[in-house]
Amino acid sequence: MGAYVNPIYPYKAPTDLKVTPPLRKPLIVIGAGPVGLAAAVDARLQGLDVLVLDDDKTVSVGSRAVCYAKRSLEILDRLGVADPACALGVSWNIGRTFLEEDEVYQFNLVPDAGHKRPGMINLQQYHIEEMLIAHALELGADIRWQHKVTAVTRHNDHATLTVETPDGTFDIEADWLVVADGARSPIRRHLGLDIEGRVFQDRFLIADVIMKADYPAERWFWFDPPFHPNQSVLLHKQSNNVWRIDFQLGWDADPEEEKKPEKVIPRLQAMLGDDRPFELEWVSIYTFQCRRMTDFRHGRVLFVGDAAHQVSPFGARGANSGFQDVDDLMWKLALVMKGQAGDKLLDTYAYDRQFAADENIMNSTRSTDFITPKSRTSKTFRNSVLALAKHHPFARKLVNSGRLSVPSFLTHSVLNTPDAEVFAGQMVPGAPMDDAPVQVNGQDAWLLDQVGKGFQCLLFVDAAPSAETLATLQALKQGAVPVDTLIVSPTALTVPGFAVLVDAQGWVAKRYDAQVGTTYLLRPDQHVVARWRQLQADAVQAAVARAICKA
């Protein structure tokens, strides 16, 4: 056994950036955490030059964000790092909740088949960051370590940054600035921007423990266990024999005292109940917060991830919602920067992701109130639910040890074209796409791996499209904002100029309630934006215009 050793990334003197008058860059990202790095990777995939500034010279210390949900893995697939993340991470779908020593509730995150990715993987944040850094550099992102942004001045058409380095301070300008500098966000504070919400009066101890154990790869949560009475405990398996254990401590706990090994080790020994050897890799104390900025967009400055919103960790909604922020933002920013859309499109980033943040905060607050009840009535309710859940299925739905991260359905987005026809199922305008198995050129593949490359249509057929249909599809391909089409068929077809997805098992047609002629228009971030029972070129073009705020 041995603790993780943080890599040290090389500092580069800013001689090429430190010029007078200040250099102007098209896009700067502040912060090289998971969300900022994802933004940099996405920028490069969109063909944008990007400069990343970070005040540190390594990845995160400690596991921090450890649970990456299915939707995040699908986003990381598009970004190109999901395979190594899933190979190293611990995949799981099952969660169990205990009262004292008895199991009272369990859930399965992916109850049906036909999905590429599991419901969740557990992987220490530092591994995700290493993977994203390597990929960003491969793609040509410029990452500057030990470059601390100390001031930002906003202008109508750019922002000016003051940057402090070991070789002195300099100014640099950005046409667009993405702020991903974390929950404490020095830039948010410097600009005097608000963040509102609740700070919950409770403290939790996080311990990353290196040990060999035969516990299954599941999420285990205890209320009032005998080894930590009157409190709660969470156990997760991570990669490389690292186990994440969270102990509820109560608001009166002294954070500095509780972090000391002589306090942590007896808690772990009481929990493990044996003499197995273990090492402490990282220990931290945290407090629940559920807050967000009023507005994620301030002119040319856009906030993402924890800089924009914070939730308590139970439910794994922090990093996961940050990846979804980037997923929503970067295709819009690319269209604006390339002159294909006006900058009001970026207002929809703020509107849609503020809606998603409110949804996450609501769920996180409910979980926190259940886990740490603050009144006698709340505690009586919580304990009654847990006691009933042992024997009565109806009560199990009320158990809330953290409603786990799921993607937001952006059904109220102004970018959607409302249905004019009847459809069944969940793939409504605004929905994140469901995955499904397909075949491409005779090889097994996955639906989501074929999309996320600009605007695309799915056209469901049972035979080769007519010459008239192909002409329509070619015209869509050559529009001001090109729309490619994927042909979905139950059997193999040859359609020159277009990819054919063979839906041999029928999962795509089932999940998308498709008939012959059904057409879906997909956003670049794999959300449904419109759908029809028959292909109509003018309807598709109008929906694309609406989806980029040009309607």
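A residue is called buried at under 20% relative accessible area, exposed at over 50%, and partly exposed in between (1.4 Å probe, protein chains only). The model is predicted, so local features need pLDDT of at least 70 and side-chain atom pairs count only at pLDDT 80 or more, while totals for chains, interfaces and linings use all residues. Residues are numbered from 1 along each chain as its sequence is written, and side-chain values use heavy atoms, with hydrogens and water left out.

**Exercise 1. Determine how many of the residues of strand E13 are buried, and which way their side chains point.**

Solution. Step 1: helices (H or I, at least four residues) and strands (E, at least two) are DSSP runs, numbered from the N terminus; E13 covers residues 219-223. Step 2: five of its five residues are buried, so E13 is largely enclosed by the rest of the structure. Step 3: in a regular strand the side chains alternate between the two faces of the sheet. In E13, Arg219, Phe221 and Phe223 point one way, whereas Trp220 and Trp222 point the other way.

**Exercise 2. Identify the strands that pair with E13 and place E13 in its sheet.**

Solution. Step 1: two strands pair if DSSP finds at least two bridges between them. Step 2: strand E5 (residues 94-99) pairs with E13 in the parallel sense over five bridges, and Gly95 has Arg219 as its bridge partner. Step 3: strand E14 (residues 232-237) pairs with E13 in the antiparallel sense over four bridges; here Trp220 is partnered by Leu235. Step 4: E14 in turn runs antiparallel to strand E15 (residues 242-248), joined by five bridges, and His236 stands opposite Arg244. Step 5: the open sheet has eight strands with mixed pairing, in the order E6-E5-E13-E14-E15-E12-E16-E19. E6 and E19 (309-310) stand at the edges with a single partner strand each, so one side of each is left without a neighbour in the sheet.

**Exercise 3. Describe how helices H2 and H8 pack, and which residues meet.**

Solution. Step 1: H2 (residues 70-79) and H8 (residues 318-337) pack at an angle of about 45°, with axes 9 Å apart. Axes are lines fitted to C-alpha atoms, for helices over the stretch in contact, and angles run from 0 to 180 degrees between N-to-C directions. Step 2: H2 is therefore oblique to H8, given that angles under 35 degrees count as roughly parallel, over 145 as roughly antiparallel, 65 to 115 as roughly perpendicular and the rest as oblique. Step 3: with contact meaning heavy atoms within 4.5 Å, Arg71, Ser72, Ile75, Leu76 and Arg78 of H2 meet Asn320, Phe323, Gln324 and Asp327 of H8. Step 4: Arg71, Arg78 and Asp327 also belong to a network of salt bridges, together with Asp42, Lys70 and Glu74.

**Exercise 4. Analyse the salt bridges of Arg511 and Arg531.**

Solution. Step 1: a salt bridge is a side-chain nitrogen of Lys or Arg within 4 Å of a carboxyl oxygen of Asp or Glu; the whole structure holds 34. Step 2: Arg511 bridges to Asp112 at 3.1 Å, N to O. This pair links distant parts of the chain, 399 residues apart, with Arg511 in helix H13 (residues 507-511) and Asp112 in the loop between strands E6 (102-108) and E7 (120-122). Arg511 is buried at 9%, whereas Asp112 is partly exposed at 37% relative accessibility. Step 3: Arg531 bridges to Asp419, with the closest N and O atoms 2.7 Å apart. Arg531 lies in strand E26 (residues 528-532), and Asp419 is 112 residues apart from it in the chain. Arg531 is buried at 3%, and Asp419 is partly exposed at 32%.
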